[in-house]
Amino acid sequence: MPRSIILSDALTGHFENLLRCPVCQHTLRLVDKKSLICAEKHCFDLAKQGYVNLLSHGIKSKYNKALFDARKNLAQSGFFEPLNSKLCELISAEAKSFDRSLNIVDAGCGEGSNLANIQQKLHHCLGTVPCCVGMDLSKEGIQMAARDYKDSFWCVADLAQCPFVDHAFEVILNILSPANYAEFERILHPDGYVLKVIPEKDYLKELRAVFYAETDREEYSNAKTIELFENHLALTEIVPVHYTRNLAKPLIENLVHMTPLTWGAQGERIDRIMDLNSLEITIDLAILVGRKKG
Ligand SMILES: C[S@@+](CC[C@H](N)C(=O)[O-])C[C@H]1O[C@@H](n2cnc3c(N)ncnc32)[C@H](O)[C@@H]1O
Ligand SMILES: [Zn+2]
């Protein structure tokens, strides 16, 4: 079966009701199983790979295929497994209080493996498959996600103009990605919550110590990120997620290629990490749980 048919079938059901035009904000309807069109006739064609580009303007991103390939390899090695298990635990604990199935969006989903992994875990714990939508500014990330994970709806879109109707989602995931809180508040269901994953000070500290020794990037603080989150949402919990992974050479290369930390580092310092045969790396994260205020 061609992939566009699989996407079209999904769209004719639930997903179509969650979408709105990023240009004029009218609802989008699927026409001829191949285009999403609004009342003002803005038209977005479904790509044959099984995703839709809902950007109203072209955007150049530093997140490219090489970075997402590396991120996916690392994800497949179980690098994010304890994080995804914790996210699944938080979602399934809450899911029992909803009398309907959940709509989940991963805002800034990259190549999609975290969302796909969480969806699979939730299926296992809840016995139902939640409706999952992944969105990212990077077309290359979304193309990979659509190629590899067929159970979710994937779209290229900008956080600043989320192409979703008001109150569409019970859960907004935002994993190591920028946020747009005005849009999060708009698309969040009144009973829903945001799970934002942010680095803690020791996240990838072994890379930071080499890449940024004796510079102002050697130490990291997430205080401003938490403050901004609290300006918009009621922060109900901060859940720590801390573990280490021992990486052999090929995965060390993937680690270096998958993280934006590498972007500002000098070549000679990057080589020092790439030359290692093994590396014990620290994953130090926090999950901010937020709900609508008042
Ligand atoms: C560090 S990556 C994290 C990706 C994924 N959540 C993961 O953990 O593998 C940050 C992601 O944010 C996305 N991003 C940055 N600005 C964005 C925007 N304005 N709208 C949507 N996505 C954005 C990037 O394209 C990139 O995929
Ligand atoms: Zn429109």
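## Terms and model

Contact here means that heavy atoms lie within 4.5 Å of each other, and this is the sense in which packing is described below for a model that is predicted. In that sense, the buried residues of helix α5 pack against β4, α2 (65–76), β6 and β7.

## The zinc site

The zinc ion (ligand 2) takes its protein donors from C21 (SG), C24 (SG), C38 (SG) and H42 (ND1), which lie 2.1 to 2.3 Å from the ion. The angles among these four donor atoms run from 101 to 117°, and the site is tetrahedral. As a reference for those values, the ideal angle for four tetrahedral donors is 109.5 degrees.

Along the chain, the donors of the zinc ion follow the spacing C-x2-C-x13-C-x3-H. Within this set, C24 and H42 link distant parts of the chain, being 18 residues apart, with C24 in the loop between α1 (3–12) and β1 (29–31) and H42 in the loop between β2 (35–37) and β3 (43–47). H42 has a relative accessible area of 24% and is therefore partly exposed, given that the buried class ends at 20% and the exposed class begins over 50%.

## The N-terminal annotated span

UniProt, in an unreviewed entry, places the feature "domain: 23S rRNA (guanine(745)-N(1))-methyltransferase N-terminal" at residues 20–55. In the model this span is 0% helix and 39% strand, and its end C-alpha atoms lie 12 Å apart.

Strands β2 and β3 pair in the antiparallel sense over three bridges, and within this pairing I37 stands opposite C43 in β3, while L36 has F44 of β3 as its bridge partner. These two strands form a hairpin with five residues between them, and K41 in the turn has a positive phi of about 70°. Strand β3 is joined in turn to β4 by two bridges, again in an antiparallel arrangement, with L46 bridged to V52 in β4. The hairpin of β3 and β4 has three residues between the strands, and G50 in this hairpin takes a positive phi near 100°.

## The sheet and the helices packed on it

Which order do the eleven strands of the open sheet follow? They run β1-β2-β3-β4-β7-β6-β5-β8-β9-β11-β10, with mixed pairing. Strands β1 and β10 (234–248) stand at the edges and have a single partner strand each, so one side of each is left without a neighbour in the sheet. From one strand to the next, the twist averages 25°.

Helix α5 (residues 139–148) packs on this sheet and touches β4 (51–53), β6 (131–136) and β7 (153–156), its direction making about 165° with that of β7. Helix α8 (residues 223–232) also packs on the sheet, where it touches β9 (188–199), β10 and β11 (278–291), and its direction makes about 175° with that of β9. The residues of α5 that are buried include G141, I142, M144, A145 and A146. In an α-helix, residues three or four places apart point the same way, because there are 3.6 residues a turn.

## The methyltransferase span and N117

A second feature, "domain: Methyltransferase", is placed by UniProt (unreviewed entry) at residues 104–192. Over these residues the chain is 35% helix and 29% strand, and the end C-alpha atoms are 10 Å apart.

N117 is found in helix α4 (residues 113–126) and, because its relative accessible area is 17%, counts as buried. When its neighbours within four places in sequence are left aside, N117 is in contact with E81 and N84.

## Positive phi outside glycine

Most residues other than glycine have a negative phi. Q25, which is not a glycine, has a positive phi of about 70°; Q25 sits in the loop between α1 and β1 and is partly exposed, with a relative accessible area of 41%.

For L204, also a residue other than glycine, phi is positive and near 50°. L204 lies in the loop between β9 and α7 (205–211). Is L204 buried or exposed? With a relative accessible area of 0%, L204 is buried.

Note on methods: Residues numbered from 1 in each chain as written. Chains lettered and ligands numbered in written order. Predicted model: local features only at pLDDT ≥ 70, side-chain atom pairs only at ≥ 80, totals over all residues. Heavy atoms only, no water. Donors = N, O, S within 2.8 Å, 3.2 Å for Na, K, Ca; no water. Tetrahedral: all angles 85-135°; square planar, octahedral: opposite > 155°, others 65-115°. Helix = DSSP H or I, 4+ residues; strand = E, 2+ residues; numbered from the N terminus. Buried < 20%, exposed > 50% of the residue type's maximum accessible area, 1.4 Å probe, protein only. Pairing = 2+ DSSP bridges. Axes fitted to C-alpha atoms, helices over the stretch in contact; angles between N-to-C directions. UniProt positions renumbered as here; feature names shortened; annotations may be inferred.
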